[in-house]
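Let's take a walk through a protein model together. Keep the picture open while you read, and look up each residue as it comes along.

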Amino acid sequence: MPTCEFNFDGLIGPSHNYAGLSFGNVASSTNQYQQSNPKAAALQGLQKMKFLHDLGIAQAILPPLRRPRLEFLRELGFSGSDSQVLESAANTNMTLVHQVYSASNMWTANAATVSPSVDCEDSKVHFTPANLASTLHRSIEPESTLRNLRFIFSDPSHFKVHPALPSQTPLSDEGAANHTRFCRTHSEQGVEFFVFGVGNSKLKPEKFPARQTELASQAIARRHGLKGDAVEIWQQNPNAIDAGVFHNDVISVGNEDLLLCHELAFVNQPDCIAKLQQRFRAKTGSELKVVQWKSGELQLREAVQSYLFNSQIVTRADGKMTLICPLECDEIPAARRATEKILGAENRVDQVQFLDLRQSMNNGGGPACLRLRVVLTEEEQQAIHQGVIFSDDLFRQLANWIDAHYRDTLIADDLRDYQFARECFEAIESLADILGIPRSVLLDE
């Protein structure tokens, strides 16, 4: 396969639940403590991967992290056997139990920021795992994510997997959810667009916290060896953050030479678009196509409810694009009209597909949240761990694995039961064998 963009989707873990841990994520807060359906969630995510695979898109997976992470509870002073640690924590502060059970690593758009080799000075693919310092339940992910990425992308002649940035508030980093790469084709040099919520500007959200900092975005661009003329760093509109747009990928989405965004996506948006156009024109010799929506067409509230901008845009083999939307975009009239506007505008999108991802959507994650985009040359594709590349056979194996190890329903009280913790551990052990990844890697041993 020639140079192409792989979508590494997060395989939704067996502890998928609705704990409402993400302040500023409206869907997460709204569905707090509701019954979840782990088996349905995992199968919905798997079906999305199958849809992309059948569409001819290069598809791979990132495995779920081991949960519950009882080591974290031990660090907080709980002691005894694993079952005693869990029971003691549940009796002391159930929120801590929710934190260590969270399956939020399913949203691999937050796993890391990735720059392809064609953009980097050393001609290697660079990864920086997000430190996710803004939320407790996600801040315990980076070390495990780093282990997984360093196993899958282990060849140092092709890949550079950096550690996460220091886990400090001024360097808060949420990964590719605040990063978009624009290019003429995936194989050519592009412009890497970083969006931050808080920086030197006095403009800040008032209701919800900004999760990406300007300092973090600058540091990642330097780490990856990106050329200055190929980088644009811009501030997210704080009004959008206060409306529930906790990541930039809830208010804008791009692919190759196309940007879709709400008029309230960025601070001083006309200047932002003009600067992107200028850089894109200088780098590629062509025009960046931009489709924008005014608030009269699509309110911020409707953008957050529908997750229109968390849709996934992929380029098919014929050069045309498919927009993959959550089913909610078909059910909310303004969002449905917005998809029709995309089809009618001057761009390469000629197909819109609506997928059922309600289990993920109820926790505030749509199609784009579930995938990490990694552009790989033919040689780089051969250098990655082949066990994570999606195929019809892997689809069948994973569907059977989910059926064998996942519960149909899960409520908050189930997390107290150490038997459920054992079920989760056993599921990850079995998955390691399917993917050909050492158990020591997936179990953090």
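A residue counts as buried when its relative accessible area is under 20%, as exposed when that area is over 50%, and as partly exposed in between. Take Ser252: its relative accessibility is 3%, so Ser252 is a buried residue. Keep that cut-off in mind, and remember that what you are looking at is a predicted model.

**The whole chain**

Let's zoom out. The protein chain holds 18 helices and 15 strands. Its radius of gyration is 21 Å, close to the 22 Å that the globule rule gives for 445 residues, so the chain is as compact as a globular protein of that length. If you lay the C-alpha trace along its principal axes, it spans about 60 × 45 × 40 Å.

How much of the protein chain is made up of buried residues? The share is 60% of the 445 residues. The accessible surface of the chain adds up to about 16400 Å², and carbon and sulfur atoms own 47% of that.

Now for who touches whom. Take the contacts between residues at least 6 apart in sequence: 77% of them join residues at least 24 apart.

**Charges and pairs**

On the charge side, the protein chain carries 42 positive and 54 negative side chains, and the centres of the two sets lie 4 Å apart. Side chains of opposite charge can pair when their charged atoms come close. A search of the whole structure turns up 33 salt bridges. Here are some of them:

| Positive partner | Negative partner | Closest N and O atoms |
|---|---|---|
| Arg147 | Asp444 | 3.1 Å |
| Arg279 | Glu232 | 2.5 Å |
| Arg439 | Asp433 | 2.8 Å |

Start with the salt bridge between Arg147 and Asp444. Arg147 sits in helix H7 (residues 142–152) and Asp444 in the segment after helix H18 (439–442), so this pair ties together parts that are 297 residues apart in sequence. Are the two partners buried or exposed? Arg147 is partly exposed, with a relative accessible area of 31%, while Asp444 is buried at 17%.

Next comes the salt bridge between Arg279 and Glu232. Arg279 belongs to helix H10 (residues 269–284) and Glu232 to strand E8 (residues 231–235), so here the tied parts are 47 residues apart in sequence. Both Arg279 and Glu232 are buried.

As for Arg439, which pairs with Asp433, its relative accessible area is 38%, so Arg439 is partly exposed. Salt bridges can also share partners: that is how Glu256, Asp257, Lys289 and Arg348 are joined into one network.

**Some residues up close**

Back to Ser252, which has its place in strand E9. Which residues does Ser252 contact, leaving aside its neighbours within four places in sequence? They are Leu259, Leu260, Cys261, Phe266 and Phe309. Ser252 and Asn178 are 74 residues apart in sequence, and their C-alpha atoms are 9.4 Å apart in space.

Asn178 also turns up in the surroundings of His247. Not counting residues up to four places away in sequence, His247 touches Asn110, Glu174, Ala177, Asn178, Arg211 and Gln236. His247 is in the loop between helix H9 (238–242) and strand E9 (252–255), and with a relative accessible area of 2% it is buried. From His247 to Asp119 it is 128 residues in sequence and 24 Å in space, C-alpha to C-alpha.

Gln99, in helix H5 (residues 94–101), is buried too, with 9% relative accessibility. Leaving aside neighbours within four places in sequence, Gln99 is in contact with Leu21, Leu136, His137 and Ile140.

**Backbone details**

Finally, have a look at the backbone in some of the loops. Pro68 is in the loop between strand E2 (59–62) and helix H3 (70–75), and the peptide bond from Arg67 to Pro68 is cis, with omega near 5°.

Glu256, a member of the salt-bridge network above, has a phi near 50°, a positive value in a residue other than glycine. Glu256 lies in the loop between E9 and strand E10 (258–262) and is buried at 3% relative accessibility.

Tyr307 has a positive phi as well, near 55°. Look for Tyr307 in the loop between helix H11 (300–306) and strand E12 (312–315); with 3% relative accessibility, Tyr307 counts as buried.

Note on methods:
Residues are numbered from 1 along each chain as its sequence is written. This is a predicted model: local features need pLDDT of at least 70, side-chain atom pairs count only at pLDDT 80 or more; totals for chains, interfaces and linings use all residues. Side-chain values use heavy atoms; hydrogens and water are left out. Helices (H or I, at least four residues) and strands (E, at least two) are DSSP runs, numbered from the N terminus. The radius of gyration is taken over C-alpha atoms; the globule rule is 2.2 Å times the number of residues to the power 0.38. Buried means under 20% relative accessible area, exposed over 50%, partly exposed in between (1.4 Å probe, protein chains only). Contact means heavy atoms within 4.5 Å. Accessible areas come from the Shrake-Rupley method with a 1.4 Å probe; for residues, only the protein chains shown count as cover. Lys and Arg count as positive and Asp and Glu as negative; His and the chain ends are not counted. The place of a charge is taken as NZ of Lys, CZ of Arg, CG of Asp or CD of Glu. A salt bridge is a side-chain nitrogen of Lys or Arg within 4 Å of a carboxyl oxygen of Asp or Glu.
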